[in-house]
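Subject: Structure handover, helix packing and voids

Hi,

Here is the structure I promised to pass on. Have a look at it first, and my notes follow underneath.

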Amino acid sequence: MEKYKRVRQLVQQQLAGSDKLQFLVSPLATMEELTTTHAFEYIQNFEKGHQTPQELRNVGFPWSPAGVLRAFSSVGGTVAAACHVCESPNRWAAHLAGGTHHAFYDRGEGFCVFSDMAVAANVVLQRYPHIQRILLLDLDVHQGNGNAVLFQNNSQVFTFSLHCSANYFSAQQRSDLDIELPPNCSDNTYLVTLRYWLQQLEQQSFDLIFFQAGVDVLKEDRLGRMDLSLEGVRRRNRLVYEFAKRHQKPLVVCMGGGYPRSEDWEPILEAHASVYLDAYEFWKSHVAAS
């Protein structure tokens, strides 16, 4: 949990006072927004702390009032970011949290209570008629299994997950496009694969893109089982930013996974921060200026 604060501080320190940039506090998601995606009873039980021991184990952390606020804020920030970019051309937005892609309709797992990107996608489809098709681009080391199931019968949301073949902690699900990479995958293999599949996605049309920018592909990650360097992660991110620019569509960036080793937090913090710092610099130079 500490990483969220520390990443935010790093990003704010480096971008404070930057042109055309605002830092806003994440609002809490409303029940109306959450129920676009999750079961009312499940939301209510979580809010009141009426979860079973097994449900708590599946999510991975104990219930607390602060945890409720955090889960609601994690969704609310991504919803706010998505609505922001849909209201004017050439807008990008980033949430310094979110990317909780392991949550299902009536249960959570893997540190994910609700799926912020799924809720945001459903809210946007309800509120903005000009948004007809959405891409969920998930580059976390783990499959975006919750989102795969949540949108399995929804042609308006395309789910793409590029992940490690040896890092499933629950049943594998079927996204619209699943690409597996081997454990200990290095920069070159990863980037060649991502570039190829982004080129394939160029054949499709999207009105909004969500980028789940997990950095647990980094070789220093405690849980990732892949071997990307920081420069490899930054090149990965740039491929996504270039893809969004070519589409000339709004982009929402979410944090995703990143698990520091107890003795050394810096590689994970730096990788997370670079997602946001590089997104802003790319947007300022190539999107806002166009």
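In which hand of crossing, left or right, does helix 9 pass helix 10? The crossing is right-handed. Before you read on, keep in mind that this is a predicted model.

Staying with that pair, the axes of helix 9 (residues 230-247) and helix 10 come within 10 Å and cross at roughly 35 degrees. On the helix 9 side the contact uses Leu-230, Arg-234, Arg-236, Asn-237, Arg-238, Tyr-241, Glu-242 and Lys-245. Facing them from helix 10 are Glu-270, Ala-271, Ser-274, Val-275, Asp-278, Ala-279, Phe-282, His-286 and Val-287. By class, that contact comes to seven nonpolar, three polar and seven charged residues.

Helix 10 (residues 266-287) also packs against helix 1 (residues 2-15), where the axes come within 9 Å and cross at roughly 45 degrees. The two helices are therefore oblique to each other. This crossing is right-handed too, as helix 1 passes helix 10. Helix 1 brings Lys-3, Arg-6, Val-7, Leu-10, Val-11, Gln-14 and Leu-15 to the contact, and helix 10 brings Glu-266, Leu-269, His-272, Ala-273, Tyr-276, Leu-277, Tyr-280 and Glu-281. Here the split is nine nonpolar, two polar and four charged.

Now the pockets. The largest pocket holds about 1,100 Å³ of space. It is lined by 34 residues, and the closest to its centre are Gln-22, Leu-24, Ala-94, His-95 and Leu-96. Helix 1 and helix 10 turn up again here: along with helix 5 (65-86) and strand 1 (92-94), each gives at least two residues to the lining. Helix 5 gives the most, with seven residues. As for chemistry, the lining of the largest pocket has 21 nonpolar, eight polar and five charged residues.

The second largest pocket has a volume of about 460 Å³. Of its 26 lining residues, Lys-3, Tyr-4, Phe-111, Gly-258 and Tyr-259 lie nearest its centre. Lys-3 may ring a bell, as it is one of the helix 1 residues in the contact with helix 10. The lining of this second pocket divides into nine nonpolar, 12 polar and five charged residues.

What about closed space? There are two cavities of 30 Å³ or more.

The largest cavity has a volume of about 60 Å³. Its walls are formed by His-102, Glu-109, His-142, Gln-143, Asn-145, Asn-167, Tyr-168, Phe-169, Ser-170 and Ala-171. Three of these lining residues are nonpolar, six are polar and one is charged.

The second largest cavity comes in at about 50 Å³. Lining it are Met-117, Leu-136, Asp-138, Gly-144, Asn-147, Ala-148, Thr-159, Phe-160 and Ser-161. Strand 2 (134-138), helix 7 (145-150) and strand 3 (157-164) are the elements that give two or more residues to this lining, and strand 3 has the largest share, with three. By class there are four nonpolar, four polar and one charged residues.

If you want a place to start, I'd go to helix 10: it meets helix 1, it meets helix 9, and it contributes to the lining of the largest pocket.

Cheers

Key
Residues are numbered from 1 along each chain as its sequence is written. This is a predicted model: local features need pLDDT of at least 70, side-chain atom pairs count only at pLDDT 80 or more; totals for chains, interfaces and linings use all residues. Side-chain values use heavy atoms; hydrogens and water are left out. Axes are lines fitted to C-alpha atoms, for helices over the stretch in contact, and angles run from 0 to 180 degrees between N-to-C directions. Helices (H or I, at least four residues) and strands (E, at least two) are DSSP runs, numbered from the N terminus. Angles under 35 degrees count as roughly parallel, over 145 as roughly antiparallel, 65 to 115 as roughly perpendicular and the rest as oblique. A crossing is left-handed if the near helix is turned anticlockwise from the far one by less than a right angle, and right-handed if clockwise. Contact means heavy atoms within 4.5 Å. Ala, Val, Leu, Ile, Met, Phe, Trp, Tyr, Cys and Pro count as nonpolar, Asp, Glu, Lys and Arg as charged, and the others, Gly among them, as polar. On a 1 Å grid over the protein atoms alone, a cavity is a set of points where a 1.4 Å probe fits but cannot get out, and a pocket is an open set with protein on both sides within 12 Å along at least five of seven lines; lining residues have an atom within 4 Å of a point. Grid points are joined across faces, edges and corners, and a volume is the space filled by probe spheres set on the points.
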